[in-house]
Amino acid sequence: MTTAQFGRAEDERWMGLALEQARLAMDEGEVPVGAVLVDGDGHLVASDHNRREQLSDPTAHAEILVMSAAARSAGDWRLLGHTLFVTLEPCPMCAGAAVAARLGGLVYGAADLRAGAAWSLYNIPQDVRLNHRTEMRQGVRAVEAAALLSGFFERLR
């Protein structure tokens, strides 16, 4: 199954797993962002959530963690045909990593109007000046993803 063949039902199912990861992040005091990576045959390859606080690592975003785990497991940094499902629009670092990994697809939930690099502020995954472009879909279970984030930040205030 290629990225283009994933339908709305599959997008919602995979995003449900990413939302579960986001809830785990929140339980651990991390910003609730979760991600899952699915191969071209529709198999789950990796899942994780933000771990910046836990790992004291500014790059420990959910997206980076799943792409790194999948690349290590496959023994190849190229993740051709894989689709990344993430609850929040990727930042410039994560969007750039998606391009560097040659991801086939990126599906996200809530838009990030302050740091989003996959349509909101920038469109790194589809920038024609780069050597790879990634198919994208947005807004999958966005209300749930946004509610997790807003609830988390309200509790911090």
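Start by selecting strand 4 (105–110) and strand 5 (135–137) in this predicted model. The two run parallel to each other and are paired over 3 bridges. For a landmark in this pairing, show the side chains of L106 and M136: L106 stands opposite M136 of strand 5.

Now widen the selection to the whole sheet. Its 5 strands follow the order 2-1-3-4-5, the pairing is mixed, and the sheet is open. Look at the two edges next, where you will find strand 2 (44–49) and strand 5. Each has a single partner strand, so one side of each is left without a neighbour in the sheet. Ignoring direction, neighbouring strands are turned by 15° against each other on average.

Add helix 3 (62–74) to the view. Helix 3 packs on the sheet and touches strand 1, strand 2 and strand 3. Compare its direction with that of strand 2: the angle is about 145°.

Next stop, the interior. The largest nonpolar core holds 40 residues, and L37, M67, L79, L84 and L103 have the most contacts inside it. Which elements give two or more residues to this core? Colour helix 1 (8–27), strand 1 (34–38), helix 3, strand 3 (83–88), helix 4 (92–100), strand 4 and helix 5 (142–156) to see them. Helix 1 gives the most, with 6 residues.

Finish by centring on L79. Leaving aside residues up to four places away in sequence, L79 touches L37, M67, A70, A71, A101, R102, L103 and G104. Three of these partners, L37, M67 and L103, are also listed with L79 among the residues with the most contacts inside the core.

Notes. Residues numbered from 1 in each chain as written. Predicted model: local features only at pLDDT ≥ 70, side-chain atom pairs only at ≥ 80, totals over all residues. Heavy atoms only, no water. Core = buried A, V, L, I, M, F, W, Y, C linked by side-chain atoms within 4.5 Å. Buried < 20%, exposed > 50% of the residue type's maximum accessible area, 1.4 Å probe, protein only. Helix = DSSP H or I, 4+ residues; strand = E, 2+ residues; numbered from the N terminus. Contact = heavy atoms within 4.5 Å. Pairing = 2+ DSSP bridges. Axes fitted to C-alpha atoms, helices over the stretch in contact; angles between N-to-C directions.
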